[in-house]
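Biologist: Could you walk me through this model, one question at a time? I am new to reading structures, so please show me how you get to each answer.

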Amino acid sequence: AEAKGFTHIRLVCECDNIVDYPFRLLKEEGRANSESKLSDIAARMRCVKCGTKPPKEWKPWKQYMHGNGGPMGYLSNSAKG
């Protein structure tokens with residue numbers, strides 16, 4: 001999925017909690033590598049809201065980073081101040 005331009009895995013829980021988890025973070029935490037299958041990653045994830053495991057659905061997700069800290073971007077460390 002990452003080779004096709006996807007940046008995250010989107011997980012949807014039974015409680016309708018939706019989380020977009022970045023591939024970069026999964027790699028940094030040692031929870032995945034470039035050879036990991038999305039289905040294997042999803043099977044290991046647990047909802048932080050209700051504790052359900054695994055999610056009821058998952059899919060690769062492409063999050064666009066425009067850098068302004070809005071709903072689709074991230075604030076840089078210096079901007080969090």
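Biologist: Which residue lies over the face of Phe-6?

Modeller: Keep in mind that this is a predicted model. A charge counts as sitting over a ring if, among other things, NZ of Lys or CZ of Arg is within 6 Å of the ring centre. Here the distance to the ring centre is 5.5 Å, and the residue over the face of Phe-6 is Lys-62.

Biologist: And over which ring does the charged end of Arg-10 sit?

Modeller: The charged end of Arg-10 is 3.6 Å from the centre of its ring partner. The limit for the distance to the ring centre is 6 Å. The ring belongs to Trp-61.

Biologist: How many aromatic pairs does the count come to?

Modeller: For this we look at rings with one another, and their centres must lie within 6.5 Å to pair. By this rule, the number of aromatic pairs is 0.

Biologist: Let's turn to the strands. What is the order of the strands in the open sheet?

Modeller: Strand S1 covers residues 8-12 and is joined by 5 bridges to strand S2, residues 18-22, with the two running antiparallel. S1 also pairs with S3 in the antiparallel sense, over 5 bridges. The open sheet of 3 strands therefore has the order S2-S1-S3.

Biologist: Which are the edge strands?

Modeller: An edge strand here pairs on one side only. That fits S2 and strand S3, residues 57-61, making the edge strands S2 and S3.

Biologist: Which residue in S3 stands opposite His-8?

Modeller: S1 and S3 pair in the antiparallel sense. Opposite His-8, in S3, stands Trp-61.

Biologist: Which residue in the turn of the hairpin has a positive phi?

Modeller: S1 and S2 form the hairpin, with 5 residues between them. On the strands themselves, Val-12 stands opposite Ile-18 in S2. In the turn, the residue with a positive phi, about 70°, is Asp-16.

Biologist: Last topic, the cysteines. Why is there no bond between the sulfur of Cys-13 and the closest cysteine sulfur?

Modeller: The closest cysteine sulfur to that of Cys-13 is in Cys-50. A disulfide needs two cysteine sulfur atoms within 2.5 Å. The sulfurs are too far apart for a bond, because their distance is 3.4 Å.

Biologist: How many disulfides does a search of the whole structure find?

Modeller: Cys-13 and Cys-50 are too far apart for a bond. The search of the whole structure finds a number of disulfides equal to 0.

Biologist: Is Cys-50 buried or partly exposed?

Modeller: Cys-13 has 5% relative accessibility and counts as buried. Buried means under 20% and exposed over 50%. Cys-50 has 41%, so Cys-50 counts as partly exposed.

Conventions
Residues are numbered from 1 along each chain as its sequence is written. This is a predicted model: local features need pLDDT of at least 70, side-chain atom pairs count only at pLDDT 80 or more; totals for chains, interfaces and linings use all residues. Side-chain values use heavy atoms; hydrogens and water are left out. Helices (H or I, at least four residues) and strands (E, at least two) are DSSP runs, numbered from the N terminus. Buried means under 20% relative accessible area, exposed over 50%, partly exposed in between (1.4 Å probe, protein chains only). Rings of Phe, Tyr and Trp (its six-membered ring) pair if their centres lie within 6.5 Å; planes under 30 degrees apart count as stacked, over 60 as edge-to-face and the rest as tilted. A charge sits over a ring if NZ of Lys or CZ of Arg is within 6 Å of the ring centre and within 35 degrees of the ring normal.
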